[in-house]
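Please read these comments alongside the coordinates, as they concern the aromatic contacts and one helix.

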Amino acid sequence: MSTDPAPTATLPEEPAAAPTDATGEAPEPPATPPDDAPRPTARPLAAALLNLSGLGLGYLHLRAWLRLVVALAATAGLAWVALPIGREPIAVWWALGYLGALGLFALDAALLARRRARRETPRRTVWTPRTAGRIAWATLAIVPLLGGAYVVTQQEVLEQFLAHDLDQAEESLDGRPSVFAASKDAYDAAYATYVQTVAEHPRTRAADRVPGLVDGLYAQAKGDDVCNAVAAVRHFAEAGTAGPLQGIAQHELPGALNDCGLLFAERGTFASARPMLTELLTDHPASDPAQALPKELTAWRDDVIKSLNGKGGCDDTRQATESTSFLAGFDSGKVKALADEARTKIPAGLLKCGVRQFEGGQYAPALQNLDALLASYPRAKDADYAERVQIAAGIAQADPKMGVELPSRTEPEGTVTLIIYNHGPDRWNMVYTGPATGAISLDPCEDCVRYAEGDEPACQGYSLTKPSAKVTIPAGSYFTASSDDDGNVLGWRDVGVEKESFTASRVLCAFATKR
């Protein structure tokens, strides 16, 4: 029968012998390092990143006090240049120079940290390497954040300045007179501000306001009067005008010239209308307004003729006469041809006006209208009657008290023959009106002399040497007077107008006396 072995007792292990030094004695346990003991060496990367904050933290970490002052001075210098934030940002080279300085500071801090790490006894730093690294990464965004904040703030400040400039320019136009020429300089200054704003700061809120301000300035400069608008449009259409208004004004100029010219024509101010429409036809012949001008002038001319055919007053006749001359004065054949139809209506209007003025005792205006008729339309069908009315008006003007009457359109047949001889050395003209109206003109008598007062020549019958004329007129009472070579009635010397009855054939003699 087998039996189990007896249990064996295990002895506890003896503790290991404590280490001993060379003397065989155990060393004392290490003591906790004091607070002022040197810390581990600063890392170059952390020192460099700390200096990129712009606050010189890398130099602060390395306890490089003089370098810290230089770094802070660089940041203070940039702040002195950039603050307070003004209308324009600082020059780019200031920012580039500062960033370059930060790069140099970072490089210098890294090299300084590396040199110190090579020493046997490292110098004490402000933070541990781990803490310094954390601070470096945390402060790395300071410069970009401050730069971004500066850019945003500076942009907003600029917007405020630009808004103020635009407001001032807009307010400078308030209450300006409606005549553009009187405020041209103010409009130029305001427009220059608008153009400059867009040119120099195109991506601003102020630049977005400019198109509306330009439209308002242009509308105000033109005003409500179409002829005032011509001055404004012509000014902004000039070659030296900057910005958008030059193209707009050049496009609108033909229409402005057309509108103003036609308005002046409707008002009868033809001296002002002609330059406008001539400029339109000469400088902008291919424009739509120039192409449409003949049609518009035709409608205007038809209105003038319609008025003349209606009331037929002196004002209408004057306007029609001036309108015809106005149309006939253009170089354009299409426009000049428009005067032809109106011209056929003028003589009757002038005669009607002259007759009306004669009957009203307005002899001088009547003569003006009748003279115009005979000078411009000598072949008109009413020219003969107009000439007789002209003679009667001249006699009536020479002596209004004589009661000269308007000649009839149809005269009775002549029954009395008058033979007139000129015994004077000057040309002699006589006008008469009564049952008939006319004028007699005799050439000078070459061998005749002037007679002394009261020494009248014998008025004999037939003579071969004396200039003479014969006229057959109806019998009746006549007013007679002398006239000059231009047909102006002078009246008889010291008598004025003479009234005489011619009931039988007679011989008359004219002579000149010494003065």
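The points below take up ring pairs, a charge placed over a ring, and a helix.

1. The model is a predicted one, and within it 13 aromatic pairs are found. In one of them, F358 and Y363 have ring centres 5.4 Å apart and planes at 75 degrees, so this pair is edge-to-face. Both partners are buried, F358 with a relative accessible area of 4% and Y363 with a relative accessibility of 15%.

2. For W428 and W492 the ring centres lie 6.0 Å apart with the planes at 25 degrees, and because planes under 30 degrees apart count as stacked, this pair is described as stacked. W428 belongs to strand β2 (residues 428–433), whereas W492 is in the loop between β5 (476–482) and β6 (498–502), so the pair ties together parts that are 64 residues apart in sequence. W428 counts as buried, at 15% relative accessibility.

3. A cluster linked by ring pairs is made up of F180, Y187, Y191, Y218 and F236. Elsewhere, the charged end of R274 sits over the ring of F330, at 5.3 Å from the ring centre.

4. Helix α16 (residues 346–359) has 14 residues, which at 1.5 Å a residue should span 20 Å, and its end C-alpha atoms are indeed 20 Å apart. Ten of these 14 residues are buried, so α16 is largely enclosed by the rest of the structure; among the buried residues are I346, L350, L351, V355 and F358. Just after α16, G361 adopts a positive phi of about 75 degrees.

Definitions and conventions: Residues numbered from 1 in each chain as written. Predicted model: local features only at pLDDT ≥ 70, side-chain atom pairs only at ≥ 80, totals over all residues. Heavy atoms only, no water. Phe/Tyr/Trp six-rings, centres within 6.5 Å; stacked < 30°, edge-to-face > 60°. Buried < 20%, exposed > 50% of the residue type's maximum accessible area, 1.4 Å probe, protein only. Helix = DSSP H or I, 4+ residues; strand = E, 2+ residues; numbered from the N terminus. Lys NZ or Arg CZ within 6 Å of the ring centre and 35° of its normal. Expected span 1.5 Å × (residues − 1).
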